Amino acid sequence: LDIVEISRYVWYALIGGLVVSILVTTAKAFGVFEARGGTAGNVVTVAVECASCGWTGEVPRLRRRCPMCGDTNFTT
Ligand SMILES: [Zn+2]
């Protein structure tokens with residue numbers, strides 16, 4: 001195990017750490033960790049059916065309101 005081989009392993013470790021940090025930064029940029037934490041819950045939609053006009057579609061989970069008639073009475 002000479003100095004050249006040791007320095008090569010050190011180089012590999014540095015590159016590996018760099019790649020991991022880039023992946024973590026990219027994942028944070030795309031909100032991977034925030035989505036798990038629930039801070040992005042205001043953009044989560046749920047499939048519902050309006051009890052008043054029969055419209056079916058997706059509405060924000062935290063603010064259910066029919067885009068057709070404005071009612072908040074859903075069957076699902
Ligand atoms: Zn409706």
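These questions and answers cover a predicted model.

Me: Which atoms coordinate the zinc ion?
Reply: Donors are N, O and S atoms within 2.8 Å of the metal. The zinc ion has its donors at 2.3 Å. They are C50 (SG), C53 (SG), C66 (SG) and C69 (SG).

Me: What is the arrangement of the four donor atoms around the zinc ion?
Reply: Four donors count as tetrahedral if all angles lie between 85 and 135 degrees. Here the angles run from 106 to 115°. The arrangement is therefore tetrahedral.

Me: How many residues apart in sequence are the parts that C53 and C66 tie together?
Reply: The donor residues follow the spacing C-x2-C-x12-C-x2-C. C53 sits in the loop between β1 (45-49) and β2 (56-60), while C66 sits in the segment after β2. The pair therefore ties together parts separated in sequence by 13 residues.

Me: Is C66 buried or exposed?
Reply: Buried means under 20% relative accessible area. C53, at 41%, is partly exposed. C66 has 2% relative accessibility, so C66 counts as buried.

Me: Which residues does G57 touch, not counting those up to four places away in sequence?
Reply: G57 belongs to strand β2. G57 and V46 are eleven residues apart in sequence, and their C-alpha atoms are 8.1 Å apart. Contact means heavy atoms within 4.5 Å. On that count G57 touches V46, A47 and V48.

Me: What is the area of the nonpolar surface patch that includes L14?
Reply: L14 lies in helix α1 (residues 3-29). At 55% relative accessibility, L14 counts as exposed. Other patch members include W11, Y12 and I15. The patch area is about 1,300 Å².

Technical notes
Residues are numbered from 1 along each chain as its sequence is written. This is a predicted model: local features need pLDDT of at least 70, side-chain atom pairs count only at pLDDT 80 or more; totals for chains, interfaces and linings use all residues. Side-chain values use heavy atoms; hydrogens and water are left out. Donors are N, O and S atoms within 2.8 Å of the metal (3.2 Å for Na, K and Ca); water is not among the atoms, so sites may look incomplete. Four donors count as tetrahedral if all angles lie between 85 and 135 degrees; four count as square planar and six as octahedral if opposite donors are over 155 degrees apart and all others between 65 and 115; anything else is irregular. Helices (H or I, at least four residues) and strands (E, at least two) are DSSP runs, numbered from the N terminus. Buried means under 20% relative accessible area, exposed over 50%, partly exposed in between (1.4 Å probe, protein chains only). Patches are made of residues with over 30% relative accessible area and no salt bridge: like charges are joined within 9 Å, nonpolar side chains (Val, Leu, Ile, Met, Phe, Trp, Tyr) within 5 Å. Accessible areas come from the Shrake-Rupley method with a 1.4 Å probe; for residues, only the protein chains shown count as cover. A salt bridge is a side-chain nitrogen of Lys or Arg within 4 Å of a carboxyl oxygen of Asp or Glu.
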